[in-house]
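The following exercises are to be worked through with the sequence and the structure in view. Each task is followed by a solution in steps.

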Amino acid sequence: MISADIAKNELGISFAEHIINGELTGSADERIIDVVAPRDRGVMGAAAQGGIADVERAVNAARRAFPAWRDMAPRARGRLLAKIADELEENAERIARILSLENGNALRTQSRGELAFAVDVFRYFGGLASETKGEQIPLSSNTLDYSRREPYGVVGAIIPWNAPVQLGSMKIAPAIATGNTVVLKTAEDAPFAILEVAKICQKHLPAGVVNVVHGKGAETGEALINNPNVDKISFTGSTAVGTRILEAAAPRVVPVTLELGGKNPQIVFPDADEDWAVDAALLGMRFSRQSQSCTAGSRLFVHRTIFDSFLEKFTAKAAEMKVGDPLEETTDIGAIVNQKQFDRVCGFIDEGLKVEGGRLLVGGLPPAVGPLAAGFFTQPTVFSQIDNSFNINRQEIFGPVAVAIPWDTEDEVIAMANDTHYGLSAYVYTRNLGAALRTAHRIDAGWIQVNQGGGQVLGQSYGGYKSSGMGREFSLEGMIDGYTQRKHISVNLNI
Ligand code: NAD
């Protein structure tokens, strides 16, 4: 089934099986999907293509495993998560390399950090397993009224390709820490690295607690969200698919958590025309992950009085970032994940180039010849003179294309920042505390960073406003709200 070419890739991975009831298995009908390496467009392996039957097997395994897992003492569950964290840490470098090969993110700037984050995720939620406390309500001396937090049952989890290890771990760990079992559908472009994480889980967990199915959204994903034995859906991906998940969940009233897209503003105040703000805004733009990030700050609102000088520094630093083979240590920026995304990003760059009066400040269309033409490589690209109302400023590009827009007053910039159906994150740069916090309070988004541009940190209740999502993950509260339901018990003590 697997061609000789596929078996050759340097990391020794060639075929991503499903994991169902603790066992590695192909699809019932033996179908596979090719996985293409973004750095050279070559087929690096294949994954099992899951159909309805495979999803059903996985959900049934999760259902069978649920009662015993739910009834295990939470601290005992937590200790198993800690063991997973330890083994994941030992294997982090190997899995980070697999990740860079399959999704094109640079090893040094991205994949190693993603693995370190995933290790922390298992430790963090393992430690919180027994914090799913209920409450007692003092109604009278003769009654006992209390609430319990109980797991939902089988969690159907769906992840995208841009950070599969981080996002997959972010679903598995809080779900199982609270006593649920999981069926995780991987993204078709990046099944391998998260599969390695799930294989480690198998060594420490009873069979059926964590199951993995690969396949395409329209078939495998649909089979999962429509399966009547799935009790909770947790989805990270595009807003378009997120709305489809809500539709599918509605008839059965299945609870849903959605982490969706963003078109995030970065607001630079006149006093922030300095290197620290440039560095933070570059980080916020997520160039080092090809801006394939839901929190990429791609609308760069710079105060008119510093517009030219800030952008000169910003574009000079962006141009210095090295685009190249994701597995090379010197590479800052890897490759776009696949042909479809590559074409889409190029389409937006082309659109920017065609805007009348628009200016290209750095970057542009990818090189058509030379070593970078072999893979899906793009360069950091910044435009100016393109109004906030243009398509390029409204759609989530999910690629390294930013547009700089000048502003004069706080009211004006906040109105522009909020003029989007997204509301995931935003960035504000100024030493003026009042201006920073006024702005942070007035922006309609779930996460505002002031004078910094990094990624999410465990413990933050991260999630989106508006069409960027519903529910919160990354925190104790997110775990409790997202993966448990409250049961109230009223006892008459007179009997
Ligand atoms: P996508 O929505 O196309 O796919 C995400 C996952 O959903 C994949 O596994 C896919 O196979 C599956 N899927 C597709 N159609 C489905 C269907 N009908 N039913 C069930 N599952 C289906 O997104 P993508 O292109 O893989 O990822 C990029 C998107 O993810 C961006 O919009 C980005 O902003 C978003 N994202 C959000 C966050 C966040 O934390 N808010 C984090 C990472 C990525």
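**Exercise 1: Enclosed space**

The largest cavity holds about 70 Å³ of space. This structure is a predicted model, in which local features need pLDDT of at least 70 and side-chain atom pairs count only at pLDDT 80 or more, while totals for chains, interfaces and linings use all residues. Residues are numbered from 1 along each chain as its sequence is written, and side-chain values use heavy atoms, with hydrogens and water left out.

Task: Determine which residues line the largest cavity, and of what classes they are.

Step 1. On a 1 Å grid over the protein atoms alone, a cavity is a set of points where a 1.4 Å probe fits but cannot get out, and lining residues have an atom within 4 Å of a point. Grid points are joined across faces, edges and corners, and a volume is the space filled by probe spheres set on the points. By this rule there are two cavities of 30 Å³ or more.

Step 2. The lining of the largest cavity consists of G262, K263, M285, S291, S293, A296, S298, E396, I397, F398, G399 and V401.

Step 3. Sorted by class, this lining has five nonpolar, five polar and two charged residues. Ala, Val, Leu, Ile, Met, Phe, Trp, Tyr, Cys and Pro count as nonpolar, Asp, Glu, Lys and Arg as charged, and the others, Gly among them, as polar.

Task: Describe the second largest cavity in the same manner.

Step 1. The second largest cavity contains about 60 Å³ of space. Its lining has 15 residues, of which P265, A417, T420, Y422 and G423 are the closest to the centre.

Step 2. At least two lining residues come from each of α13 (410–418) and β18 (422–423); helices (H or I, at least four residues) and strands (E, at least two) are DSSP runs, numbered from the N terminus.

Step 3. The classes are six nonpolar, five polar and four charged.

**Exercise 2: The largest pocket**

Task: State what volume the largest pocket has and which elements supply its lining.

Step 1. A pocket is an open set of points with protein on both sides within 12 Å along at least five of seven lines. The volume of the largest pocket is about 1100 Å³.

Step 2. Of its 41 lining residues, P160, W161, S238, V241 and K340 are the closest to the centre.

Step 3. β4 (32–36), α8 (217–225), β11 (232–236), α9 (239–249) and α12 (339–354) each provide at least two lining residues. The lining comprises 20 nonpolar, 10 polar and 11 charged residues.

**Exercise 3: Helix packing**

Task: Characterise how α3 packs with α5.

Step 1. Helix α3 (residues 74–90) and helix α5 (residues 107–127) pack at about 165°, and their axes are 7 Å apart. Axes are lines fitted to C-alpha atoms, for helices over the stretch in contact, and angles run from 0 to 180 degrees between N-to-C directions.

Step 2. The two helices are therefore roughly antiparallel (angles under 35 degrees count as roughly parallel, over 145 as roughly antiparallel, 65 to 115 as roughly perpendicular and the rest as oblique).

Step 3. The contact (heavy atoms within 4.5 Å) joins G78, L81, I84, A85, D86, L88 and E89 of α3 to L115, A118, V119, F122, R123, F125 and G126 of α5. Its residues divide into nine nonpolar, two polar and three charged.

Task: Characterise how α2 packs with α8.

Step 1. Helix α2 (residues 52–71) and α8 pack at about 40° with axes 9 Å apart, which means that α2 is oblique to α8.

Step 2. I52, V55 and V59 in α2 meet T220, A223 and L224 in α8. This contact has five nonpolar, one polar and no charged residues.
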